Amino acid sequence: MQTPTPPSSPWHVPDFRVLFSATALSQLGTHVSYVAVPLVAVTALDASPGQVGALATLGTVAFLLIGLPAGVWVDRMRHSRLLVGADLCRAVLFASVPVAWQLDALTLGHLYVVVLLNGCATVFFDVGSQSFLPQLVGRSALVRANAAVVGLQAMGNVAGRGAGGGLVQLLTAPLAVLCAAGAYLASALQLLAVRHQQAAPRPPRESRLGEQIAEGVRHVLGDAELRALALTAALTNFGSQIVTTMLPILFVRELGLSAGALGLYWGAGGLGLLLGAWCARPLAGRLGHGRTLGLAGLVLAPAGLLVPLIGQGPWLWIAGAGWVLALFKTGVDNVLGVSLRQRMTPDALLGRMNATFRFLLTGALAVGAAVSGLLGELVGVRGTLWVGGAVLAAAFLPVFLSPVRTRRELPEQRQAHPAEVDLADRKFTVSSQLDQYYNRRPRPPV
C-alpha cells in the first residue's frame, strides 16, 4: 500500500490546530503573568531593583537546573500527557498568588517559590511542545508550522502583555495573576483533545543519564551551524532580559507611566516579533535561509542601541521603534533557526537537542536577569539599559561569521551516522556483558 503524502500545510492536520489553540491559551497565561508578577512585587510588596532581578532570575533558572536532563526525560515520555501536566501545574501555582494576597499572607518568598516552580513546569512544556511538533505535521510542513507558532508567540507579546497591563489597572496585579492561572487551565483542557497516538518511547539503553545528556550537548555544540544558532540566540536573550527586567521600575517609578503603558510598550515589541515571523518564510524563499539570518542581524541588530534612549515624549517612540526592529529580527531568527535545527536533528535526539537549546537560551535569561538586578543596584536603571542594548546590537555576530550565512535551503532530515550507531551498540553490548559477569544479572533486551 502506498504511504499517504504528508500534508504540506500544518493547518490540514487537526491535532496541530488543537496544539496551536492550546498554545495560544498557554501563551496568554505566560504573557499576562510576565507583566503581572513583577508588578505584584513592585506595587504590592515594594520590591527593590535587586529583588525584581531575583524574581526574574528564579523564573528562568529552572532551565539551568533541570534543562538538560529534561531533554532525556522528554524523549522517554508521551508528549501530550506531559504538556497537560505542565499546564495544570502552572495553573495551580499562579492561582495561589491571589489566594495568599486575599488572606494578607502574600510575601516575596511566596512569589519566589511560585516563579521557580512555574519555571520547572515551563521547561517540560517548552521542550515537549517543540519535540511534539515535528511528529504532528511532518518535516515538510515544519517551516510553516514554526512560523505559525512564532507568530502566535508574538501575538502573545502584543495581546497577552497588553492585556496583562490592562488587567493590572482594572483588577489589580494579584487578580491579573488569577486570569493567567485560568488561561493555563483552559490550555490543559484543550490539549486533552489531541488524538495523535504517539508510539511508546523506546526503553532507555543501559547508559547513564549524563551520557545521554552529553550526546545531546555534543550534537548541538559539535556542529558549527547549530553552535552559531545557539550562541546568537543566547546573546539575544541575555541582552533582552537585561533590558526587560528594568522596564517595570523605569516605567512606574522613574517615568511615572502606568502599567498599561508598560504593557503597550512590550506589546509593540511583540508586534515586531509577529511581523518578523510573518516575513521569515518569504524572505528565506527570496534570499535563502542562511543569508536571511545573516542580513537580518547585520541590518536590524544595531537598533538595540536605540532602546536605552527611552524617556518622555518623542524618546519613548524612538526607543519603541528600536525595540520593534530588534524583535523583528528575533522573529525571523526564531522561525528559520528553529526549523533549521529541527531538520538537522534525528527524531531520537529531538528532545535532547531542544533541551540543550532551551538550557542555553533560557539560562541566558536567568543570567541576564541576575546581571540586570546587580547592575541596577550598582550603575542604576539607565546604565543597565545601555549594557543590554549593546549586547542586543552584537548578538548577530556568531551566525553572521558561521557557515549558516551561506546556506540556501534547509537540509534533509539528518540521521545518525552508521558508525556512531555501531559504536553505541557495541558499547552497550560490552557494558551488558560486564554487568552479567560482575553482577550476575540478566542482560536487558536491546
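Is Arg-352 buried or exposed? I looked this up before anything else in the model, which is a predicted one. Arg-352 has a relative accessibility of 11% and therefore counts as buried, the cut-off for that class being under 20%.

**Entry: overall composition**

I began with the protein as a whole. I found 16 helices and zero strands in its secondary structure. The protein has 446 residues, and 53% of them are buried. I then turned to the contacts with a sequence separation of 6 or more, and noted that 87% of these join residues 24 or more positions apart. For the surface I recorded an exposed area of about 19300 Å², of which carbon and sulfur atoms supply 65%.

**Entry: salt bridges**

I searched the whole structure for salt bridges and obtained four. As a general matter, side chains of opposite charge can pair when their charged atoms come close.

I returned to Arg-352 and asked which residue is its salt-bridge partner. The partner is Glu-215, and the closest N and O atoms of the two are 2.9 Å apart. This pair links distant parts of the chain, since Arg-352 belongs to helix 13 and Glu-215 to helix 8 (residues 209-221), with the two positions 137 residues apart. I compared the accessibility of the partners: Arg-352 is buried at 11%, whereas Glu-215, at 28% relative accessibility, counts as partly exposed.

I next examined Glu-225 and Arg-407, whose side chains form a salt bridge with an N to O distance of 2.8 Å. Here too distant parts of the chain are linked: Glu-225 lies in helix 9, and Arg-407 in the loop between helix 15 (397-400) and helix 16 (418-439), 182 residues apart. I noted a relative accessible area of 11% for Glu-225, so this residue is buried.

I also inspected the salt bridge between Asp-333 and Lys-329, for which the N to O distance is 2.9 Å. Why are Asp-333 and Lys-329 separated by about one helical turn? The reason is that they stand four residues apart in helix 12. Asp-333 is buried, with a relative accessible area of 15%, and Lys-329 is buried as well, at 3%.

**Entry: surroundings of Lys-329**

I stayed with Lys-329, which is found in helix 12 (residues 314-343). I listed its contacts, leaving out residues up to four places away in sequence, and obtained Thr-232, Thr-236, Ala-296, Gly-297, Leu-300 and Phe-396.

**Entry: Ser-372**

I moved to helix 13 (residues 350-378), where Ser-372 lies. Its relative accessible area is 0%, so Ser-372 counts as buried. Which residues does Ser-372 touch, when those up to four places away in sequence are not counted? I recorded Gln-241, Ile-242, Thr-245, Met-246 and Thr-384.

**Entry: Leu-68**

I looked up Leu-68 in helix 3 (residues 62-75). Leu-68 has a relative accessibility of 18% and is therefore buried; the cut-off is under 20%. Beyond its neighbours within four places in sequence, I found Leu-68 in contact with Phe-63, Ile-213, Val-217, Ala-355, Thr-356 and Phe-359. I also checked Leu-68 against Leu-209: the two are 141 residues apart along the chain, and their C-alpha atoms are separated by 9.8 Å.

**Entry: helix 9 and helix 10**

I then took up the pair formed by helix 9 (residues 224-254) and helix 10 (residues 259-287). How do their axes cross, and within what distance do they come? I noted an approach within 9 Å and a crossing angle of roughly 145°. The crossing is right-handed. On the side of helix 9, the residues that meet helix 10 are Thr-244, Leu-247, Pro-248 and Phe-251. Their counterparts in helix 10 are Ala-261, Leu-262, Tyr-265 and Trp-266.

**Entry: a nonpolar surface patch**

I closed with the surface. Which residues form a nonpolar patch there? I identified Leu-88, Leu-185, Leu-189 and Leu-192, which together have about 390 Å² of accessible area. One of them, Leu-88, is found in helix 4 (residues 79-102). I recorded 38% relative accessibility for Leu-88, so this residue counts as partly exposed.

Terms used: Residues are numbered from 1 along each chain as its sequence is written. This is a predicted model: local features need pLDDT of at least 70, side-chain atom pairs count only at pLDDT 80 or more; totals for chains, interfaces and linings use all residues. Side-chain values use heavy atoms; hydrogens and water are left out. Patches are made of residues with over 30% relative accessible area and no salt bridge: like charges are joined within 9 Å, nonpolar side chains (Val, Leu, Ile, Met, Phe, Trp, Tyr) within 5 Å. Accessible areas come from the Shrake-Rupley method with a 1.4 Å probe; for residues, only the protein chains shown count as cover. Buried means under 20% relative accessible area, exposed over 50%, partly exposed in between (1.4 Å probe, protein chains only). Axes are lines fitted to C-alpha atoms, for helices over the stretch in contact, and angles run from 0 to 180 degrees between N-to-C directions. A crossing is left-handed if the near helix is turned anticlockwise from the far one by less than a right angle, and right-handed if clockwise. Contact means heavy atoms within 4.5 Å.
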